[in-house]
Amino acid sequence: DLVLGHNALGRFVKRTATPDAAAQTNDAPPSYANDNSAIQSDTRRARARLFMRIPAGPLRLADGHLAAQTMWLLPFAVAALVFGALRMRARKALDPSTLSLALWFSWLAVYGVVYSYAGGIFHFYYLSTMAPAFAALAAIGIVDLWRRHRDKNDRDMLLPAILLTTAVWQLYIQASALELSWDALFQQGDWLTWLHLAFVASVVVAVPGLMVRYIRQQTMPLLSLGALGIGVAALLVIPTAWTLSSVFAPGHGVLPSADLFRLIAINRNSDGSNTVRFPQSTSVSRLTEFLKTNRAGERYLLATSTTQLAAPIIIATGEPVMARGGFHGLDPALNPAQLAQLVQTGQLRYAMVGDVAIVSRRMGADAAGKDVAEWIRAHGKLVNPKLWRSARDQYGMQLFDLQPR
């Protein structure tokens with residue numbers, strides 16, 4: 001089922017949410033320490049940006065938020081493929097250079113087609129699988145263009161033209177991904193404005209530097225090489241900022257992505273503090289310590305709603321943890337009667353409720369596990385959260401003791 005369903009048909013056929021699941025997606029946002037409406041709006045947008053909503057189609061990967069994950073140097077990659085195709089006439093089919101281009105092109109083509117038309121389960125971090133091919137082709141393209149620029153005596157201006165095209169492409173990605181107009185890119189204030197000014201200034205220096213040889217009709221290798229270095233460095237400025245967004249403001253551990261918006265949202269807090277709460281993975285250190293301390297020979301250390309809480313506890317302790325609903329909480333592993341039998345036979349004492357992730361809730365996990373969750377609340381005793389939960393954990397989780405005696 002996992003191979004043929006979730007990871008095959010489920011990638012192309014969109015799952016229909018149950019009415020209960022649809023209603024659960026409209027929950028009120030959590031309260032925040034700072035009642036600033038802009039910060040609350042940024043937080044809601046940050047949460048919404050965890051989920052990929054770009055419709056399937058041939059131009060899907062041109063969306064800024066998707067392209068920003070790995071496609072910053074696309075024009076250079078295209079140049080590598082074009083030059084490679086032109087050289088194929090003069091080379092043997094099994095030439096190593098030709099084979100390398102065939103490898104990277106087929107790599108991109110397969111992933112590109114699948115990701116463009118995957119209308120079901122799809123996440124931003126999948127795009128990282130295309131990064132090696134884009135990196136290799138971009139490097140080949142830059143080298144090919146430099147050699148052509150260095151060796152040609154005619155007025156071949158492909159290198160400065162493609163460098164400028166790549167700069168425009170990156171500004172498009174930035175504007176589209178951040179949902180800003182091109183003018184607004186330079187009006188955000190502070191570090192974001194300086195980021196774009198540094199980017200544009202470097203490109204403005206690099207492109208004319210590469211064109212001097214055509215204007216003066218003479219070879220100037222040191223000037224051209226320096227201009228190329230400045231240009232390539234400029235084209236890495238914005239991608240580096242996106243990379244650092246995952247360092248300074250990590251997103252949800254289950255749905256990782258690079259997203260410069262997270263740093264912009266933090267920057268808007270005028271007093272310098274970070275009150276924008278981004279969804280984080282749950283810390284299990286205090287929970288596992290509590291469970292191990294109070295275990296009295298039960299088979300299972302804990303029963304969770306999904307594997308997303310069970311997995312880190314298993315990794316941390318090496319002990320059995322029951323995930324009642326499987327990965328997303330949609331698999332009926334047991335019913336209330338079976339759960340009661342486990343409790344009566346001393347195999348289970350503690351159960352967690354409210355530990356379903358946002359994406360699983362949207363798929364209907366709360367509705368699927370409703371009967372078991374209600375039985376746990378009715379027959380268990382709520383454990384004081386101060387005994388097992390750290391400050392950064394999800395406040396919706398509730399731990400129940402099913403054998404309070």
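**Exercise 1. Work out which contacts the buried Arg324 has, given that Arg324 makes no salt bridge.**

Before starting, note that this is a predicted model, where local features need pLDDT of at least 70, side-chain atom pairs count only at pLDDT 80 or more, and totals for chains, interfaces and linings use all residues. Residues are numbered from 1 along each chain as its sequence is written, and side-chain values use heavy atoms, with hydrogens and water left out.

*Step 1.* Check the charge partner. The nearest side chain of opposite charge is Asp355, 4.7 Å away. Lys and Arg count as positive, Asp and Glu as negative, while His and the chain ends are not counted. A salt bridge needs a side-chain nitrogen of Lys or Arg within 4 Å of a carboxyl oxygen of Asp or Glu.

*Step 2.* Look for polar contacts (N or O pairs within 3.5 Å, one able to donate a hydrogen and the other to accept it; residues adjacent in sequence count only if both atoms are side-chain atoms). The Arg324 side chain has one with the side chain of Ser305, at 2.9 Å. A polar atom of that Arg324 side chain also sits 3.0 Å from the backbone oxygen of Met352.

*Step 3.* Add the surroundings. Leaving out residues up to four places away in sequence, Arg324 touches (heavy atoms within 4.5 Å) residues including Asp331, Leu334, Val353 and Ile376. Arg324 itself lies in the loop between β2 and α15.

**Exercise 2. Sort helix α15 (residues 336–344) into its buried and exposed sides.**

*Step 1.* List the buried residues (under 20% relative accessible area; exposed is over 50%, partly exposed in between, 1.4 Å probe, protein chains only). In α15 they are Leu339, Ala340, Leu342 and Val343. They share one side of α15 because they cover an arc of only 160° around the axis, taken from the directions from the axis to the C-beta atoms.

*Step 2.* Turn the helix over. Ala337 and Gln344 are exposed on the face turned away from the buried side.

*Step 3.* Find the cover: β2 (322–323) and α18 (370–379) are among the elements over the buried residues. Helices (H or I, at least four residues) and strands (E, at least two) are DSSP runs, numbered from the N terminus.

*Step 4.* Inspect the ends. At the start, a side-chain oxygen of Asn335 comes to within 3.1 Å of the backbone nitrogen of Ala337. After α15 comes Gly346, with a positive phi near 75°.

**Exercise 3. Where is Glu179, and is Glu179 buried or exposed?**

*Step 1.* Glu179 lies in the loop between α8 (158–178) and α9 (190–216).

*Step 2.* Glu179 is exposed, at 56% relative accessible area.
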